[in-house]
Structures are given as C-alpha cells and as structure tokens.
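Visitor: Could you take me through one part of this model up close? I'd like to look at the place where chain A meets chain B, and hear how it sits beside whatever else is worth a look.

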Amino acid sequence: MKWLKRAALVVLASIALMGILAPQIAPRPYDAQSRESADAPPSSAFPMGADEIGRDRFSRLLYGTRVSALLAPAAACVSIVLALGISFVAVSGSRIVFFGFSGLTTICLSLPWIFLFIILRAKLPLNTGPALSVGLTFGLMGLAGWAWPARVFAASIGEMKQSAWLMQARSAGVREWRIAAVGMWPHLRAIALAQFRILVPAYVLSEASLGLLGLGVPEPLPSWGNLLRDLQHPDIVRSNPWVLAPLGLLCIAMVCLELLQSSREAAL
Amino acid sequence: MKLLFALLLCVAPAFGTASKELRFAIPGEPKSFDPLHLEESNSQTISYLTSGVLVKINRVTGKLEPELADSWEIREGGRAIVFHMRSGLKFSDGSPLNANDVARTLARALDPKEASPTGDTFRSSDGPPAVQAANARDITIRYKSPKANIDRLFDQLGITPARSGKLPASAGPFFVSEYRPGEYVRLSRNPYYWKRDPEGHQLPYLDSVRVDIQTNHDIELARFLRGESQMITRIEPDAFDRVSKEKPGAARNLGASFDSEFLWFNESPSKTLPDWKRRWFTSAAFRHAISGAIHRDDIARIVFRGHAHPAAGPISTANAFWFNRSLKPRTADPQASLKLLATEGFHQSGGVLRDREGHAVEFSLITNSGNTVRERMAQLIQEDLGRIGIRVNIVALDFGSLIQRIAKTLDYEGALLGFANVEEDPIEEINVWLSSGPQHPWWPSEKSPATPWEARIDQLLLQQASEPSREARKKTVDEVQRILEEQEPVIYLVNPDYLCAIAPSVKGVQASPAPPQALWNIERLRIE
Amino acid sequence: MTGAVDKQGLAARLGLTLLNLVLVVVIGGFAAAALVRYSPGFDVDENSWNPRISAATSEALHASRARENELPRFYLNYLSAALRGDFGQSDSLKVPVSELLRDRAPVTTRLIVFGTAGGLFLGALLAWLAVWPRKSAGEIFSVTISGFFLAIPPAVLALFFFFEEAPLWIAVAFAVLPRVFGTIRAVLANVHASPSLLAARARGVRPLTLAVRHVAGAALPQWIALAGVTLVLAFGVIIPIEALCDVPGIGQLAWKAALSRDLPLLCGLALIITFVVACAQSLGELLGWEGIGR
C-alpha cells in the first residue's frame with residue numbers, strides 16, 4: 001500500500017504543478033479566440049480541440065486547474081479551521097452553549113445560501129477584477145461551509161473527552177495543550193482529511209452552479225467548475241470527448257486523496 | 001341504438017383525421033390563463049391556442065381575417081370601428097357568446113383596477129374608448145381621436161366568459177382542460193368552436209394539445225428526437241443542426257425573425273456612474289466606434305451557427321413592411337473606430353485605450369446568466385473591443401438582479417440583452433422608444449427628453465399613434481429608424497433566424513416569423 | 001452524552017431537544033425569509049422590462065404584490081397560519097403551497113428513499129470490501145469507486161441516467177454513495193477490530209448471525225443516525241438533479257422558487273427543510289453518536 005500512497009502523492013503534486021506552471025506549459029492564452037477554428041477537432045494546433053468560440057481546450061484546462069486546484073482546497077481549509085475552532089468552543093462550554101451550537105449548525109445547513117451569494121454579487125462593484133471576484137467566491141464558500149465538518153468534529157471531540165485515556169492523562173497531570181496536540185490531534189487530523197476529501201469536489205461543483213448566478217469565476221477565466229458546465233449538454237460531449245478531461249482530472253485527484261488515507265486511520 | 005349509430009356516422013368524418021394529440025414544450029410556467037393578464041410569453045402561447053378573438057391577422061399574408069366577427073367597418077376617419085358578430089357563437093362550456101361579452105371583456109380590460117396589460121393596448125393618449133353593444137351582434141368602439149391600427153388591435157383581445165375560474169372557458173379552438181404546475185397544460189378541443197374547413201368538417205382537427213413545461217433544452221430535444229413530442233417551437237442553433245442531421249425534414253429555418261440582440265450604455269444620471277464614464281456613453285461618436293469594432297458577421301457565424309443576420313436597426317430586416325430599406329448593417333472596421341475615437345480625444349498607449357483625461361477605457365457589460373448564446377456573444381464582443389484597447393468585464397446575472405439594475409437602481413454601465421417574440425407592428429414597442437417609456441433602455445422613464453433628437457422621436461411616435469393610415473405611419477417610422485441609426489443609442493447586433501423543429505407527421509403548418517410563428521393556425525394542424 | 005441515564009434525565013433531554021427543535025425551526029425560517037426578502041431582484045418582476053405593459057399597469061401589478069414588504073409582520077402571520085397547516089399561496093405559481101408540496105412530495109420521496117437506500121447499500125458493500133477481506137486490492141477498488149463518484153456532479157450523473165432511460169434514483173444512490181462510504185467504513189473497521197466480534201468468530205458463530213447480531217446490532221444507534229443524516233444529504237443532492245432534469249418534485253420547486261424570489265413558497269420550504277434537518281440531528285444526538293462523514 002505504501003507505494004500506492006506515494007504514487008497518489010506524486011499524481012496530486014503533478015496536478016498542482018500543472019496548474020502552477022500553466023502560463024509556461026499552455027500553448028496559447030486561455031482567452032485567445034481563433035474564430036476560424038470554432039469547434040475544431042483535436043489536432044497538433046489544438047491538442048484537445050477548440051471550444052465553441054475557437055479557444056484551445058488544453059490551455060483552458062491548464063489555467064482552470066490553476067484556479068480550482070489551488071482555490072477549492074484553500075476554501076476547504078478555511079471551512080475546516082473554522083469548524084475546528086467553533087466545535088472546540090462548543091464542546092468546552094456549558095450545555096446551553098452546546099445546544100446553541102447545535103441549533104446554529106442546523107440552521108446553517110438548512111439556509112438557502114444561494115441568496116447570500118446573490119447579495120454578495122449585488123454589493124460587489126461590477127468592475128471587480130477576476131482575481132478578487134474568484135477569491136471572494138471561494139472565501140465565502142469556505143466561510144459558509146463550516147457547519148457540516150463542525151458537527152463531526154464536535155462529536156469526535158466530545159467522545160474523546162469522555163474517553164478513558166484522556167481522563168487518565170488529565171488525572172496524571174498532563175497539560176491540556178499537550179493532551180490536545182499529542183492525544184487528540186491524530187484523531188482529528190484523520191477526520192479533517194476525510195472532510196477535506198468531501199469538501200474539495202463539493203466546492204469545485206458549487207463554483208460551477210454559482211457561475212449561473214454571475215458569481216463564480218468570471219469569463220473568460222476558466223475553472224474546472226465552468227468547464228464542467230459543458231457536461232450538461234450531451235451533444236457537446238458526443239462531438240468532442242475531450243470535454244470530459246476536467247472531470248477526469250477531478251476524478252483522479254479525488255481518488256488520490258482517498259488513497260492517501262489508510263483503513264487504519266479511517267478506524268480512528 | 002340505431003340513433004346512436006346514426007349519430008356516430010354523422011360525426012365520424014369530423015373525427016377521421018383528428019384522432020391525435022400535439023405535444024410541444026414551453027420553457028416556464030404560464031402565470032395566468034386569463035387573456036387579460038398575459039404578462040409573459042408562456043401565458044401568451046396558451047392564449048394564442050385558446051382565446052377567441054374578433055379578427056385574426058393571417059401571419060403569412062399579413063391580412064386581417066374575420067374570426068368571431070364576420071365583418072367590420074372603420075368609421076369617422078379612424079376614430080371608431082363597428083364589428084358584426086356571427087350568430088350562434090358559444091364558449092367551450094356551452095354558454096352563449098355575443099356582443100355583450102365583447103363589451104364586458106373590453107370594459108374589464110380598460111378598468112384601471114384590473115391592471116390589465118391588454119388594456120394598455122386599447123388606451124390612447126386621449127384616454128379609453130367608449131364601448132357600446134347596440135344589440136347582441138353589433139358593437140361599436142369609439143375613440144376621441146383617430147387611433148392607429150384600430151382594427152388589427154383586436155387580434156389581441158381574447159373574449160372572456162362572465163364566469164371566471166381556475167381553468168376558464170374560452171372561445172378559441174381549444175380550452176384549458178388540465179393544469180399540473182411544473183409539468184404540463186392540457187388543452188382539449190372546443191366542442192362549440194364555430195370554424196369549419198372548406199369540406200364542412202368542424203375544426204380543430206386535433207383532439208388535444210399537450211404543452212409540457214420544460215426548462216432543459218437538451219431534454220426537450222431528446223424527447224423530440226425520440227418522437228415523444230412533435231414540435232419544438234423555438235430551437236437553439238446547436239440543436240437545430242443536430243435535428244438537421246438526424247431528422248432532415250423536421251428542421252425548419254424560416255429566415256430572419258423579428259427578434260433582435262443588442263447592447264446599450266447607461267446614460268441616466270446614476271450616482272454610481274462617474275461623470276467621465278457618462279461622457280463616453282453619451283457621445284454618439286463613442287457609440288458608433290463601439291458599434292464599428294464589433295464583428296456582427298462573426299456573431300452570426302459562430303454564435304448562431306450561421307442562423308442569424310446582422311441587424312440594421314430596431315426593426316428586423318425580415319419585417320417587410322416596416323423596415324427602412326435604406327438602412328444597412330454596419331460592417332466591422334476597427335481602424336475606422338479608432339479614428340472616430342481619436343476625434344473625441346481618445347488615444348492608445350501601451351495597447352490600452354485612454355480618454356483625454358487619461359482614464360483607461362474599461363466598462364462592465366451585464367447580461368442574463370443561463371443564456372449560452374448571449375454569454376458567447378458577450379465573449380466575442382469582449383475580444384473585439386479588446387483589440388482596440390477597450391477592456392470589457394462580462395458579468396452574467398440572474399434575471400431578477402439584472403432587471404433590478406436596468407429598470408430600478410440604474411446601477412450598471414453596459415448591458416447586453418435582446419427582445420424575443422416581437423410583434424410585426426412597431427407600435428407594440430413604443431414604450432422602448434418614447435423617452436418617458438419605462439423600457440427606454442439607456443434612460444428609463446425620462447422626465448423630459450434629454451436631447452433634441454429624443455424629443456423629435458417622441459414627437460414622431462406620438463404622431464403616428466393617432467394616424468389611421470398604415471402608409472402614412474410607415475413614413476414616420478422610417479424617419480424614427482433613420483434618427484436611431486444616426487445616433488445609435490442602442491447598438492443592434494443581429495436578428496436571429498426563426499428556427500423550429502416540426503415532425504413530418506404534423507400537417508398544415510404555415511409558419512411565419514411573426515409570433516406565434518408555427519402555431520397561429522393551430523385549428524388547421526393535424527397529425528397523420 | 002454517552003453512557004447510562006436514568007428516566008428523569010431522559011425526559012429532561014427529550015424536553016430540551018424538543019425546545020431546541022422548535023427554536024431552530026422558527027429562527028431558521030426567519031433567517032431564510034430575511035435572506036430572500038433582502039436579496040436583489042426581490043422587489044422587481046419581469047413586467048418591469050415588458051414593453052407591452054405601461055408604467056401605470058406595471059405599478060398597479062406591483063402594488064398588488066406588495067404585501068410582503070414588512071418582514072417581521074409577514075413572518076409572524078405566516079407562522080401562525082403554518083401552525084394551522086396553511087403555508088400561504090405561491091407568488092409565482094398562484095397555487096396554495098401545501099397543495100404544491102402535496103402533489104410533488106411523492107416524486108421526491110420516492111427519489112430520496114430509494115436513492116438513500118441504494119446509496120447506503122452500495123456504500124456498505126464497498127465499505128465491507130475495503131475492510132473485511134483484509135486485502136489491499138479490495139480497499140483500492142472501493143476507494144477508487146468512491147473517489148470517482150465523488151467527483152461527478154450529481155446533476156450530470158442524473159442527466160446521463162435520464163438519457164439512457166434508467167430510473168433517476170440510481171443517480172441519487174451513486175451521488176450519496178461516496179458521501180457515506182467513509183462513515184460506514186469507519187464504523188465497520190471499529191466493529192471488525194472489537195473484542196466481542198473476535199470472540200464470536202473464534203467461537204465459530206455463523207456468518208449470517210455474525211452479520212446481524214454483531215455487526216448491524218452492535219452499532220444499531222449509529223446506523224439509525226446515519227440513515228437520518230443520509231436522508232438529509234440525499235435531499236441536498238436532489239435539488240440540482242430535479243432542477244436540471246425537469247423532474248416535478250420538491251427540489252425543482254425549491255430551485256424555481258429561489259430564482260423567482262417567491263417568498264411564501266421559500267418560507268414554507270425553509271420551515272420544512274429546517275424541521276427535517278433538525279429532526280435528523282436530534283435523533284443522532286439522542287442516540288448518542290454523530291460520527292457523520294468520517
């Protein structure tokens with residue numbers, strides 16, 4: 001299994017590197033339109049073919065990887081850090097605090113978050129640059145997505161606090177921070193990784209739906225999310241199977257992330 | 001038993017060819033089945049198929065034909081019109097229909113408390129007309145001054161029964177028999193419909209029409225190709241090409257429609273728009289330069305797959321009577337645009353266009369999200385303007401937010417939209433051109449015209465609104481088109497072709513660019 | 001939270017949970033209503049851009065719909081009516097909300113129930129493959145499948161099944177699968193390593209008895225809690241599926257309501273969804289375990 005984990009790490013690193021080096025690797029700029037080559041099939045000029053307005057799909061995939069492979073994990077990290085913090089506070093507090101936390105997470109899970117993004121779009125100046133717009137989108141997704149991981153963390157921390165080994169450590173006089181760092185952290189890290197695995201694709205796909213509302217990655221900047229929107233039209237997929245490439249990359253990335261976690265860790 | 005058999009024999013010829021159901025889809029819920037409350041195109045489509053009207057415009061010849069009224073006269077120099085109704089007319093529930101029902105319907109439409117959009121069509125600047133039903137068959141409508149189009153207006157007045165209900169009765173070829181929100185509307189044949197074909201068979205030929213509610217165009221296409229539906233009334237260019245390949249006889253391109261795609265700039269005194277930007281947008285030279293930098297032929301070729309024609313103004317080139325033939329679509333010439341901009345003090349430095357104060361020319365272009373065609377157009381425009389150093393930021397918004405910006409808050413810079421289901425007569429869109437009109441794109445509901453040419457347009461439009469002669473109106477409308485070409489407050493891009501898909505089993509279709517395109521003679525359609 | 005509690009303690013917990021439930025539903029509903037009310041596009045409708053409608057008529061139509069402008073009063077009236085079972089009338093569809101929900105509930109319920117059951121079954125199968133045979137091939141296979149389905153947008157999956165004329169609940173099952181796989185795998189791994197199971201296997205207990213009593217039975221509270229949480233997950237997945245595939249269910253209703261800013265409908269939906277989510281969470285808490293999504 002060890003070799004598999006190493007292979008998964010290498011693949012993930014390659015994907016990230018592909019995104020970072022996109023300006024160097026991409027044969028064309030992501031927004032350059034070759035109007036004579038609209039819907040062109042794969043060729044030496046267009047390795048994965050061209051899209052409906054003549055832009056190179058391969059270059060757009062590389063730049064899209066840059067946006068999604070960097071920002072979706074960043075947003076997932078924001079959610080997880082926020083969730084950890086809030087759940088620690090909730091579990092360490094009184095019963096009322098915990099009930100408040102429980103109610104808050106339920107409300108956050110049921111709210112139609114779509115409206116918050118619509119409101120954000122309304123408040124943002126129309127001429128906001130793509131970098132800021134994209135950053136704010138993923139940032140808001142990260143801030144809005146803390147509820148689900150928080151419940152998981154709270155459950156786990158709560159269980160650990162009741163566990164025998166922790167009580168023993170406490171009665172033996174071990175300091176709180178040491179208990180947290182040495183005892184709790186390995187368990188929480190496993191959970192955090194599991195949540196990370198679920199949040200990353202969820203954020204990639206959410207960004208695609210947000211594109212339908214004007215927030216999300218603005219044109220002509222590509223991202224896995226807005227490249228995946230083509231999948232909604234089976235005709236486009238049938239005429240050029242390379243349209244599935246961003247989906248393929250996302251699948252490979254998710255499988256690698258899953259493989260990084262062994263069943264032993266999963267049992268904790 | 002013998003009587004039943006005899007009855008069956010009598011009605012058999014009428015049922016001979018009419019044993020099928022026509023199925024097609026509309027993209028959203030019809031908000032109302034009341035012909036006096038048609039606020040959007042889906043309700044309008046249902047109304048075209050169910051409402052009984054006094055006269056109908058033949059969408060192919062453009063002539064007015066008798067419907068519930070078998071004759072009419074225009075009197076007093078275009079101030080009044082008298083309709084003579086047929087006898088023995090009935091609604092689909094069997095209740096009788098006569099001139100009193102027409103008077104009642106018109107009175108309800110004109111009642112301010114009713115807030116009926118149909119009523120707006122019948123009001124004139126002098127106020128509402130006087131309506132009088134002399135007897136059960138004759139009705140007179142009289143305005144204070146001549147009203148343009150006084151006869152053709154009645155193509156849009158669906159006569160309503162006295163008894164309203166969730167699924168109201170109607171006097172057209174079909175009536176609404178079933179409605180499942182989010183799924184479909186079923187229209188059943190009106191057993192009391194007055195019209196017969198030349199052989200004497202009662203129309204309509206079809207037994208029923210099932211109008212599915214389908215937002216997803218790919219699913220609509222899949223259903224059509226599988227044979228589950230027989231018509232796609234508006235099909236996108238990509239889907240059209242697919243139907244052409246798989247069912248060659250089914251794909252129909254009726255040539256340029258009356259619809260148009262256009263962009264404009266915010267010229268209102270909005271607080272969010274800096275003065276130096278407003279100066280660009282209010283300059284005709286700037287607008288001409290933008291218009292001249294856009295490759296309309298690329299838009300027609302790439303975005304619409306060749307199924308569109310460059311536009312030459314507010315009225316489509318396909319509108320044979322009303323289009324001003326002296327106007328031509330602008331051909332793209334970026335160099336000429338740059339020269340024009342130079343006359344206004346714009347200059348290029350480092351590939352970026354700047355105004356005389358040094359501001360980089362950059363603006364946002366809002367459009368509605370979820371419309372692939374419009375988003376692609378925006379990307380082509382972004383690239384075209386990028387080539388002359390202008391940076392365009394495309395923002396696709398959901399429809400509610402978009403309307404809020406262009407109609408209420410006026411917080412936007414450029415906007416890219418289109419009008420669909422445009423009627424043949426430009427008087428329908430008068431609220432777009434009048435400076436006080438709420439849909440006056442670049443400055444809605446102006447208190448007074450901001451420029452002399454807008455004042456001139458207002459004057460011409462009001463003049464033709466009370467002109468009974470179509471030919472005299474045509475001259476006035478030509479002048480309005482000329483001014484709009486000179487000033488170009490709205491940059492017209494293309495007139496998309498009217499594309500539809502009709503299964504070969506559907507007979508009798510006489511599609512035309514005027515809405516409702518393939519459905520206007522629904523009573524004569526049959527499935528074999 | 002875990003451990004034995006006496007009858008009084010249980011009654012107190014139940015009471016507090018119920019109170020929490022009510023508070024959460026009321027506050028959640030209000031928060032949702034506020035989000036809708038203050039989002040742009042609420043106060044305008046399509047009529048504003050329809051050239052056939054004059055300004056006066058547009059104003060009159062708008063005024064007739066202005067009853068929702070005072071949010072607190074609207075919400076209080078709405079709540080009191082909702083307690084009597086009246087969820088108001090949809091602004092966009094002009095049909096009572098309760099009628100809409102009643103008509104559409106069977107479609108969505110079918111999708112959710114079958115989808116959840118299918119997803120749990122497949123998740124359990126994959127998790128068993130990953131844990132029980134103790135072969136790395138099984139683990140790699142399970143993990144790959146899970147990762148694969150995690151990456152595909154649920155709506156695209158549904159479209160694929162739609163065009164292949166297969167039932168849509170299968171798409172829901174495949175969308176739910178990766179989201180429960182991790183949890184089931186964790187629970188199974190714990191059970192697999194537990195002393196009681198080892199002892200049972202050593203005694204030679206039959207596989208079926210092993211499965212029913214020592215695996216399913218040992219972690220019954222967790223399974224129930226998981227089922228509840230999965231139902232909530234499935235509902236989240238349903239919305240894009242129904243919206244894209246034009247399925248006349250509650251998910252499509254929610255999406256259309258959001259686009260048209262239909263306040264009565266969204267309020268009703270928010271109250272119901274918050275109630276369902278809160279019930280699922282409370283169930284998990286009462287049963288003493290919320291190991292969701294590990």
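Guide: Start with the pair B:Arg301 and A:Glu36: they form a salt bridge, with the closest N and O atoms 3.6 Å apart. Keep in mind that this is a predicted model, so treat that distance as computed from predicted coordinates. The pair has company, since the rule finds five salt bridges across the interface of chain A and chain B. Polar contacts turn up here too: 10 residue pairs between the two chains make one, counting pairs with both residues at pLDDT 80 or more.

On the chain A side, H5 and helix H11 (234–239) each supply at least two of the residues that touch chain B. Sort that side by class and you get 12 nonpolar, six polar and 11 charged residues.

Now zoom out a little. The contact draws on 29 residues from chain A and 35 from chain B. About 2400 Å² is buried between them, and carbon and sulfur atoms give 43% of that. Within chain A, A:Arg35, A:Leu126 and A:Asn127 lose the most area to chain B, together 32% of what that side buries.

For a counterpoint, swing round to where chain A meets chain C. There, 50 residues of chain A are in contact with 55 residues of chain C. The buried area is about 4800 Å², with carbon and sulfur atoms giving 72%. Across this interface the rule finds zero salt bridges, and the count of residue pairs in polar contact, both at pLDDT 80 or more, is zero as well. Several helices of chain A give two or more residues to this side, among them H4 (95–110), H9 (176–211) and H12 (245–259). H4(A) gives the most, with nine residues. By class, this side of chain A divides into 34 nonpolar, 11 polar and five charged residues.

One last stop is empty space. Searching the whole structure turns up nine cavities of 30 Å³ or more, and the largest has a volume of about 270 Å³. Its lining has 24 residues, and B:Pro314, B:Ile315, B:Pro426, B:Glu429 and B:Trp433 lie nearest the centre. Helices H13 (430–433), H14 (452–465) and H15 (470–487) of chain B each supply at least two lining residues, with H15(B) giving the most, four. The lining of this largest cavity has 15 nonpolar, five polar and four charged residues.

Definitions and conventions:
Residues numbered from 1 in each chain as written. Chains lettered and ligands numbered in written order. Predicted model: local features only at pLDDT ≥ 70, side-chain atom pairs only at ≥ 80, totals over all residues. Heavy atoms only, no water. Contact = heavy atoms within 4.5 Å. Buried area = accessible area lost by both parts, 1.4 Å probe. Salt bridge = Lys/Arg side-chain N within 4 Å of Asp/Glu carboxyl O. Polar contact = N/O pair within 3.5 Å; in protein donor to acceptor, adjacent residues only side chain to side chain. Nonpolar A, V, L, I, M, F, W, Y, C, P; charged D, E, K, R; others polar. 1 Å grid on protein atoms, 1.4 Å probe; cavity = no way out; pocket = protein on both sides within 12 Å on 5 of 7 lines; lining within 4 Å. Points joined across faces, edges and corners; volume = space filled by probe spheres on them.
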